[in-house]
There are 2 protein chains.
Amino acid sequence: MTAEILAVGTELLMGQIANTNAQYLSRRLAELGINVYFHTVVGDNPARLEETLKRALNRSDIVITTGGLGPTKDDLTKETISKTMNRELVLHEDILDGIRNFFAKRHRKMAEINKKQAYLPENSIVIPNPNGTAPGCIIEEGEKTVIMLPGPPKEMQPMFEATVFKYLKQRTGVILVSKMLKIFGIGESDLETRLMDLIESQNNPTIAPYASQGEITVRVTARCSDHNEASALLDPVVSEIKSRLGVLVYSEDGQSLEEVVFNLLKENGLVMATAESCTGGLLSERITDIPGSSEIFERAYITYANRAKVEDLGVSWDTLNKYGAVSHQTAMEMLNGLKQKTGASVGVAITGIAGPGGGTPEKPVGLVFIAAYVKDRFLCRKFELMGNRERVRNDACLHALDMTRRLILGVEQQ
Amino acid sequence: MTAEILAVGTELLMGQIANTNAQYLSRRLAELGINVYFHTVVGDNPARLEETLKRALNRSDIVITTGGLGPTKDDLTKETISKTMNRELVLHEDILDGIRNFFAKRHRKMAEINKKQAYLPENSIVIPNPNGTAPGCIIEEGEKTVIMLPGPPKEMQPMFEATVFKYLKQRTGVILVSKMLKIFGIGESDLETRLMDLIESQNNPTIAPYASQGEITVRVTARCSDHNEASALLDPVVSEIKSRLGVLVYSEDGQSLEEVVFNLLKENGLVMATAESCTGGLLSERITDIPGSSEIFERAYITYANRAKVEDLGVSWDTLNKYGAVSHQTAMEMLNGLKQKTGASVGVAITGIAGPGGGTPEKPVGLVFIAAYVKDRFLCRKFELMGNRERVRNDACLHALDMTRRLILGVEQQ
């Protein structure tokens, strides 16, 4: 089965945004064993859109469009698809009510032009949009299928996952089952060297490592007809990889490091607090981004200024003057203050230089001290992180989470 | 003049990487006033590449290809272009020496297959590649031009800047200059209605609104020969839009809301602190993500648990029991505690229900109270936000930033 992805939007052709939807959809389609031979981007121009849509329908089984479903007169994807496929646009009262509610909940009146979004091509499968006012739809025409989705990734992705992925999975018989091993604390090339023989000898399951923002994911994917067959193919490979990498593997199912820590805290009845300087709340934000985090997270002190470190965490001015705000001593005093002040059984303190300014020869940008405790066990480590401000802050959070994970598991020495 | 961008690479169709080259090139071409009507991505498949290249040459003046210039047999862009345009591939000895040096500098011997990269179509303008082994070239054929560039952005971008941009600038006398008006506090369709007559009557400058994550950008773009002419075209339109939208416009040059607040704090010698519950540090993280934020940000209290609200901010148990943690009263007590405890001249307190759990009929998911002060002026507002947890937290931050901006500007009543 072949598919192609047709993105509609002048903002893409102006270079204001990248076509990340095409990447997202391509990756998911590949997991279903559907071949993608073309990505195309056209602007909000009905003639060029129609020409491109017709060509796509000629050469591919499935055409997925993204964008051009907004309420404005520039948004013409739906009208062009309906015209090309000779379908009337019919009003869906339930969708219209949904759009009215969407605005009512925001204490705004629905503008008349939004009514346009409640129309869909006749005889199409509706794809509800819980995060916006533009629904999508699936239109089947003989052997061909057009799947129409909105442009904003925050709307498109949940719609694809909830409706389209399942729909396509049914059509393709074959299932692909993946294990996503998440790994932290080793470089990508080191990892590849350690797994090279496996990667080269395997074709079912396939083994594909890829790195992003300091973490590595190894996707092990079996192509099969049911989940029993999948386990038989996946389990031996996964355990071989785990036996080689040990505690470096923190998840088998693609969980993020914060989700793993979240679950460890929950399972062990622990409650966490953080004291952050250079990360400015990023660690606390990551943990509290997980639904239900109020069970395992008590509070955070973002002591950005020295004055706050002293007043909120009892760091002494002597320590700050003698060793500096970015030092082993300050990190430990922040942590001790946090432990004394809160009822948290788990604590993390981070102080460092995120840059681009503030570095010195003795204390360069990227120097970060992280201290952590779990009940009565302490750990304080020094890091020299690379990259820009965003990267340093991100990697500091990952190391803090990994130190917490290892302390809870009692494997901090490894 | 029209151009299209043709990216070659199966890794793009597999979703392993996003086509960021197309975005980069499109932005630069837009600045030159060159219209880009299509982006296409094809795999390492000569037949599909040739078909796509021929179509591109028929409908566009300029075709820019990226990728497929590597040494391996999969890399067929150059061969396909030469075949399509009936040009011989000729060996460039100087390029071959360059490739040999490239490897020598890295203490490696050039593999034989790399010799392939020293061949270019006859009668083409060479585009040197200082950062890799694949040179590019410009091929002129009558009215049509093909510009061939490698795929890795680290190689492609410097080559485009050093050679291609200048080449294209000479060919088009025109430049495009844009103003990016950023707007918060109005829906996309409301905005569209209020600017409809302008949008419809204008063609130079053009006016294009688009929304993303709760903010709206209105791009006003003038096509002209120099920057004086640009101002003459842009200024009246920009001031008309601003007079219609007033304080809803927070930036004219595409700045984010946090950057605008950052600058307002700096210009006014103000220092900020935050007290966050449902946003869990997201607001503090956003502000401190800006380099130099230590000048304008003092600290944050992430009082996730009630106990923390009481201990750190002096919220009374009575208030929490009587009105609940998510209430006007609690938000104001958090803010007062923040003001008394810190030296900050600007403060923001946020408490709400981010969901998915924790909602009740009286207090649904999305209910958020935000209180803010600037020196002695206070403001507390109630919001009922929509969408998932991430969206609620994001919108709460945007509202908090906008309230801060309005308080500093003294326009909170509007």
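**Entry 1. Second largest pocket**

I sorted the lining of the second largest pocket by class and got nine nonpolar, 15 polar and 21 charged residues. I am working on a predicted model, so I keep that in mind throughout. The space in this pocket comes to about 2,100 Å³. I counted 45 lining residues, and those closest to the pocket centre are Q213(A), E258(A), R286(A), D289(A) and E390(B). Which element gives the most to this lining? I found that helix α2 of chain A, residues 20–31, does so with six residues.

**Entry 2. Cavities**

Next I looked for enclosed space. How many cavities of 30 Å³ or more does the whole structure hold? My search gave three.

I took the largest cavity, with about 80 Å³ of space. From chain A, its lining includes L12(A), I17(A), A18(A), N19(A), H39(A) and V41(A). From chain B, I noted N19(B), A22(B), Q23(B), H39(B), T40(B) and V41(B). I then asked which elements give two or more residues here. They are β2 (35–42) of chain A, with α2 (20–31) and β2 (35–42) of chain B. Strand β2(B) gives the most, with three residues. By class, I have six nonpolar, six polar and no charged residues in this lining.

I moved on to the second largest cavity, which holds about 50 Å³. Chain A lines this cavity with F38(A), T40(A), T52(A), R55(A) and R59(A). Chain B lines it with F38(B), T40(B), T52(B), R55(B) and R59(B). I traced the lining back to β2 and α3 (46–59) of chain A and to β2 and α3 (46–59) of chain B, each supplying at least two residues. The class split is two nonpolar, four polar and four charged.

**Entry 3. Cysteines**

I checked for disulfides. How many are there over all chains? The count is zero. I wanted to see how this looks at a single cysteine, so I picked C380(A) and searched for the closest cysteine sulfur. That sulfur is in C278(A), 13 Å from the sulfur of C380(A), and therefore too far for a bond. The cut-off I apply is 2.5 Å between the sulfur atoms. I also looked up C224(A): buried or exposed? C224(A) is buried, with a relative accessible area of 6%.

**Entry 4. Domains of chain A**

I pulled the domain assignment for chain A. Domain 1 covers 2–172, domain 2 covers 175–251 and domain 3 covers 257–409. I then looked up the spacing of two of them. The centres of domain 1 of chain A and domain 2 of chain A, taken over C-alpha atoms, are 34 Å apart.

**Entry 5. Strand β14 of chain A**

I turned to strand β14 of chain A, residues 297–302. How many of its six residues are buried? I found six of six, so the strand is mostly covered because buried here means under 20% relative accessible area. I then looked at its pairing with strand β13 of chain A, residues 272–276. The two run in the parallel sense, over five bridges. For one pair I noted residues: T274(A) has A300(A) in β14(A) as its bridge partner.

**Entry 6. Peptide bonds and backbone angles**

I kept the usual pattern in view: most peptide bonds are trans, and most residues other than glycine have a negative phi. Then I listed some departures.

I found a cis peptide bond between G355(A) and P356(A), with omega about 0°. Where is P356(A)? It sits in the chain A loop between β15 (346–352) and β16 (367–374).

In chain B, I found a cis peptide bond between N204(B) and P205(B), with omega about 5°. P205(B) belongs to the loop between α7 (188–201) and β10 (206–212) of chain B.

I went on to positive phi values. N86(B) has phi near 50°. I located N86(B) in the loop between α4 (77–84) and β4 (89–91) of chain B. Is N86(B) buried or exposed? N86(B) is exposed, at 67% relative accessible area.

N123(B) also has a positive phi, near 55°. I placed N123(B) in the loop between β5 (119–121) and β6 (125–127) of chain B. N123(B) is exposed, with a relative accessible area of 69%.

Terms used
Residues numbered from 1 in each chain as written. Chains lettered and ligands numbered in written order. Predicted model: local features only at pLDDT ≥ 70, side-chain atom pairs only at ≥ 80, totals over all residues. Heavy atoms only, no water. 1 Å grid on protein atoms, 1.4 Å probe; cavity = no way out; pocket = protein on both sides within 12 Å on 5 of 7 lines; lining within 4 Å. Points joined across faces, edges and corners; volume = space filled by probe spheres on them. Helix = DSSP H or I, 4+ residues; strand = E, 2+ residues; numbered from the N terminus. Nonpolar A, V, L, I, M, F, W, Y, C, P; charged D, E, K, R; others polar. Buried < 20%, exposed > 50% of the residue type's maximum accessible area, 1.4 Å probe, protein only. Domains from an automatic or database assignment. Pairing = 2+ DSSP bridges.
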